[in-house]
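Here is a short briefing to read alongside the structure. Take a look at the fold and the metal site, then use the points below as a guide.

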Amino acid sequence: MKMTVISQNKTQFIDITSQIQAAVKTQGINSGLCFVFVPHTTAAVTINENADPAVPSDILNVLNTVIPRDLDYRHMEGNSAAHVKSSLVGASEVIAVKNGQLDLGTWQGVYFCEFDGPRTRHVNIKLIEE
Ligand code: ZN
């Protein structure tokens with residue numbers, strides 16, 4: 001199943017936990033695995049704290065500081081920093097499903113990571129029933 005995510009900024013973390021949970025509910029899976037895949041080369045997906053919004057903001061700030069937009073990149077499209085961030089953070093996550101719920105830790109949420117927005121993006125979700 002394919003989800004749409006619309007980013008508003010050049011770089012942005014978007015909490016997609018509730019949409020993924022809704023997809024799990026729609027499929028009626030009680031127990032199994034939820035595979036989340038981002039089919040883009042300048043975006044990613046990660047799991048981290050979603051209680052304090054300063055956490056995703058700090059992670060994004062570190063990524064933007066460590067991987068600046070204006071290094072001596074060779075890629076002519078001009079978005080090499082976004083490609084690097086995408087590879088470092090990664091294109092997929094696997095989350096266990098237990099009692100029909102994503103089995104995340106208390107403070108965990110799933111973030112779509114935009115590194116070359118604003119754009120309309122997609123996230124693919126594959127559920128495997130146990
Ligand atoms: Zn590019």
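Donors here are N, O and S atoms within 2.8 Å of the metal. With that in mind, the donors of the zinc ion are spaced H-x1-E-x1-N-x3-H along the chain. Please keep in mind that this is a predicted model.

**The zinc site**
- His75 (NE2), Glu77 (OE), Asn79 (OD1) and His83 (NE2) coordinate the zinc ion at 1.9 to 2.2 Å.
- The angles among the four donor atoms run from 90 to 150 degrees, and the site of the zinc ion is irregular; four donors would count as tetrahedral if all angles lay between 85 and 135 degrees.
- Glu77 has a relative accessible area of 55%, so this residue is exposed.
- Asn79, in contrast, counts as buried because its relative accessibility is 6%, and buried means under 20%.

**The sheet**
- The protein chain holds three helices and eight strands, arranged from the N terminus as β-β-α-β-β-α-α-β-β-β-β.
- Five of the strands make an open sheet with antiparallel pairing, in the order E1-E8-E3-E5-E6.
- At the edges lie strand E1 (2–6) and strand E6 (101–102), each pairing on one side only.
- Strand E3 (residues 32–37) and strand E8 (residues 120–129) run antiparallel and are joined by six bridges; Phe35 stands opposite Lys126 in E8.

**The whole chain**
- The protein chain has a radius of gyration of 15 Å, which agrees with the value near 14 Å for a compact globule with 130 residues.
- Its C-alpha trace spans about 50 × 30 × 20 Å along the principal axes.
- Of the 130 residues, 42% count as buried.
- The accessible surface comes to about 7300 Å², with 50% belonging to carbon and sulfur atoms.

Terms used:
Residues are numbered from 1 along each chain as its sequence is written. This is a predicted model: local features need pLDDT of at least 70, side-chain atom pairs count only at pLDDT 80 or more; totals for chains, interfaces and linings use all residues. Side-chain values use heavy atoms; hydrogens and water are left out. Two strands pair if DSSP finds at least two bridges between them. Helices (H or I, at least four residues) and strands (E, at least two) are DSSP runs, numbered from the N terminus. Donors are N, O and S atoms within 2.8 Å of the metal (3.2 Å for Na, K and Ca); water is not among the atoms, so sites may look incomplete. Four donors count as tetrahedral if all angles lie between 85 and 135 degrees; four count as square planar and six as octahedral if opposite donors are over 155 degrees apart and all others between 65 and 115; anything else is irregular. Buried means under 20% relative accessible area, exposed over 50%, partly exposed in between (1.4 Å probe, protein chains only). The radius of gyration is taken over C-alpha atoms; the globule rule is 2.2 Å times the number of residues to the power 0.38. Accessible areas come from the Shrake-Rupley method with a 1.4 Å probe; for residues, only the protein chains shown count as cover.
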